[in-house]
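Dear colleague,

I am handing over the structure below, together with the notes I made while going through it. Please read them with the coordinates open beside you.

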Amino acid sequence: MSSYFITAVRYENNHSRITKLKVHQDIGGKPGTQSEVKTKMDVVTGIMLDSTYHTALLDRFGNWVVGAKVHYYKSSKDEYFLRTDQNQTEADNLGELPEF
């Protein structure tokens, strides 16, 4: 099982769905220095295959603060959504991650 951190997101033009995510490997409980851009389906597939993802933000001192665990939700229309809560709302919700 692999562990990763999501540190930024990119949305569609209408800002309703996440399309890409900036992902870092978990190095000792903190994001590694190198990031990789993944699609939303890359992350969903990773979670399905037992990888874990958490959000992470930099604080005002430049230190990483680990956030919530990321889950996916599959709607009745076979759409996938990434969420940090267990709600089955048809929308992406990873909190206040910055955009890139």
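With 100 residues, the protein chain would be expected to have a radius of gyration near 13 Å if it were a compact globule, and the value computed for the chain is 13 Å, which agrees. Please keep in mind throughout that this is a predicted model. The C-alpha trace spans about 40 × 30 × 20 Å along its principal axes.

As for the fold, the protein chain holds one helix and seven strands, and these follow one another along the sequence in the pattern β-β-β-α-β-β-β-β. When contacts between residues at least 6 apart in sequence are considered, 39% of them join residues that are at least 24 apart. Of the 100 residues, 33% count as buried, while the chain exposes about 6,100 Å², of which carbon and sulfur atoms supply 46%. The charges comprise 12 positive and 13 negative ones, and the mean positions of these two sets are 2 Å apart.

Turning to single residues, I would begin with His24, which is placed in strand β2, residues 18-27. His24 has a relative accessible area of 7% and is therefore buried, the cut-off being under 20%. A polar atom of the His24 side chain lies 2.8 Å from the backbone oxygen of Gly32, and the backbone oxygen of Gln34 lies 3.4 Å from a polar atom of that side chain. Leaving aside residues up to four places away in sequence, His24 touches Tyr4, Phe5 and Thr7 as well as the run Pro31, Gly32, Thr33, Gln34 and Ser35.

A second buried position is Val70, whose relative accessible area is 2%, and which sits in the loop between β5 (64-69) and β6 (71-74). Not counting residues up to four places away in sequence, the contacts of Val70 are with Ile6, Ile47, Tyr53, His54, Thr55, Leu82, Arg83, Thr84 and Leu94. The C-alpha atoms of Val70 and Ser51 are separated by 10 Å, although the two residues are 19 apart along the chain.

Ser51 itself belongs to the loop between α1 (40-48) and β4 (52-58), and at 15% relative accessibility it counts as buried. With residues up to four places away in sequence again left out, Ser51 touches Met1, Ser2, Tyr4 and Gly46. Tyr4 is thus listed among the contacts of Ser51 and also among those of His24. The loop between α1 and β4 also contains Asp50, a residue that has a positive phi of about 80 degrees although it is not a glycine.

A positive phi also occurs at Asp78, where the value is about 60 degrees, and this residue is likewise not a glycine. Asp78 is found in the loop between β6 and β7, and at 52% relative accessibility it counts as exposed.

Finally, what can be said of Asn87, and is it buried, partly exposed or exposed? Asn87 falls in the segment after β7 (80-83), and its relative accessibility of 43% makes it partly exposed. Its C-alpha atom is 9.8 Å from that of Tyr72, the two residues being 15 apart in sequence.

With best regards

Conventions
Residues numbered from 1 in each chain as written. Predicted model: local features only at pLDDT ≥ 70, side-chain atom pairs only at ≥ 80, totals over all residues. Heavy atoms only, no water. Helix = DSSP H or I, 4+ residues; strand = E, 2+ residues; numbered from the N terminus. Rg over C-alpha atoms; globule rule 2.2 N^0.38 Å. Buried < 20%, exposed > 50% of the residue type's maximum accessible area, 1.4 Å probe, protein only. Contact = heavy atoms within 4.5 Å. Areas by Shrake-Rupley, 256 points an atom, 1.4 Å probe, with all protein chains shown as cover. Lys, Arg positive; Asp, Glu negative; His and termini not counted. Charge placed at Lys NZ, Arg CZ, Asp CG, Glu CD. Polar contact = N/O pair within 3.5 Å; in protein donor to acceptor, adjacent residues only side chain to side chain.
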